[in-house]
Amino acid sequence: LFVLAFGCSSPVNDYGSAYEWRSFSEGMRTIESENKPGIVVIGKRFSGACRDFARSIAGNKELISMSRHFVMILALDDDEPEDEKWLPGGFDNACVIIRFS
C-alpha cells in the first residue's frame, strides 16, 4: 500500500479522469477483496499545493499507465480517514511518496 499525503484540495476530476478513482472506504475494500496494492491520495480542497499536485498527475501518461496495477484511492475532505495511522507521521514504513516530474 502506497500513500501519497499532501494538503490537497481539487475536485476528483482535477486529478485526472483516466484514473479509476475510488472513495477511501470502497478502495480499502477493493484492496482487501482483490488482494491488489493501492495508492491513497489524501487531501483538502482549500490547499493550493493540492491543485498543483492534481495538475501534475492528471495527464501524466506514465502514472496513468502504472495506475492500472493499483487500486487508486482519492480521499478528499470528508472522505479523509479518521484513524491516527493516516495522519502525517503515522504511516510508519508504509508511506512512500512518489514524485513524477
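Colleague: What makes strand β2 (residues 21-22) and β4 count as paired, and in which sense do they run?

Modeller: Two strands are said to pair if DSSP finds at least two bridges between them, and β2 and β4 are joined by two bridges in the parallel sense, so the pair meets the rule. Within this pairing, Arg22 stands opposite Ile73 of β4. Before we go on, please note that this is a predicted model, in which local features need pLDDT of at least 70 and side-chain atom pairs count only at pLDDT 80 or more, while totals for chains, interfaces and linings use all residues. Residues are numbered from 1 along each chain as its sequence is written, and side-chain values use heavy atoms, with hydrogens and water left out.

Colleague: How many helices and strands does the chain have, and how do you know where to place them?

Modeller: Helices and strands are DSSP runs, numbered from the N terminus, with at least four residues of H or I for a helix and at least two of E for a strand. By that rule the chain has three helices and four strands, and from the N terminus on they follow the order β-β-α-β-α-α-β.

Colleague: How confident is the predictor, and where is confidence lowest and highest?

Modeller: The scale is pLDDT, the predictor's confidence in each residue from 0 to 100. Its mean over the chain is 77, and 74% of the residues reach 70 or more. Confidence is lowest in strand β1 (residues 2-8), with a mean of 56, and highest in α3, with 95. Over residues 91-101 the pLDDT is below 50, although this stretch has 19 contacts in the model beyond near neighbours in sequence, a contact being heavy atoms within 4.5 Å.

Colleague: Why is β3 described as largely enclosed by the rest of the structure?

Modeller: A residue is buried at under 20% relative accessible area, exposed at over 50%, and partly exposed in between, with a 1.4 Å probe and protein chains only. Six of the six residues of β3 fall in the buried class, and the strand is therefore largely enclosed. In a regular strand the side chains alternate between the two faces of the sheet. In β3, Gly38, Val40 and Ile42 are buried on one side, and Ile39, Val41 and Gly43 on the other. Six bridges join β3 to strand β4 (residues 71-76) in the parallel sense, and Ile42 has Ala75 as its bridge partner there. β4 is mostly covered as well, with six of its six residues buried.

Colleague: What makes Thr30 a buried residue, and which residues does it touch?

Modeller: Thr30 belongs to helix α1. Its relative accessible area is 9%, under the 20% limit, so Thr30 is buried. Leaving aside neighbours within four places in sequence, Thr30 is in contact with Arg22, Asn35 and Val71.

Colleague: Why is Asn35 called exposed, and what is the sign of its phi?

Modeller: Asn35 lies in the loop between α1 (24-34) and β3 (38-43). At 71% relative accessibility it passes the 50% limit, and therefore counts as exposed. Most residues other than glycine have a negative phi. Asn35 has a positive phi, near 50°.

Colleague: How do you know that Tyr15 and Trp21 form an edge-to-face pair?

Modeller: Rings of Phe, Tyr and Trp (its six-membered ring) pair if their centres lie within 6.5 Å, and planes under 30 degrees apart count as stacked, over 60 as edge-to-face and the rest as tilted. By this rule the count comes to three aromatic pairs. Tyr15 and Trp21 have centres 6.0 Å apart and planes at 80°, so the pair is edge-to-face. For Tyr19 and Trp21 the values are 5.1 Å and 40°, so that pair is tilted. Tyr15, Tyr19, Trp21 and Phe53 form one aromatic cluster.

Colleague: Where do Asn60 and Gly59 lie, and is each buried or exposed?

Modeller: Asn60 is in the loop between α2 (48-58) and α3 (61-67), and Gly59 lies in the loop between α2 and α3. Asn60, at 15% relative accessibility, counts as buried, whereas Gly59, at 56%, is exposed. A polar atom of the Asn60 side chain lies 2.9 Å from the backbone nitrogen of Leu63.

Methods: A polar contact is a pair of N or O atoms within 3.5 Å; within protein, one must be able to donate a hydrogen and the other to accept it, and residues adjacent in sequence count only if both atoms are side-chain atoms.
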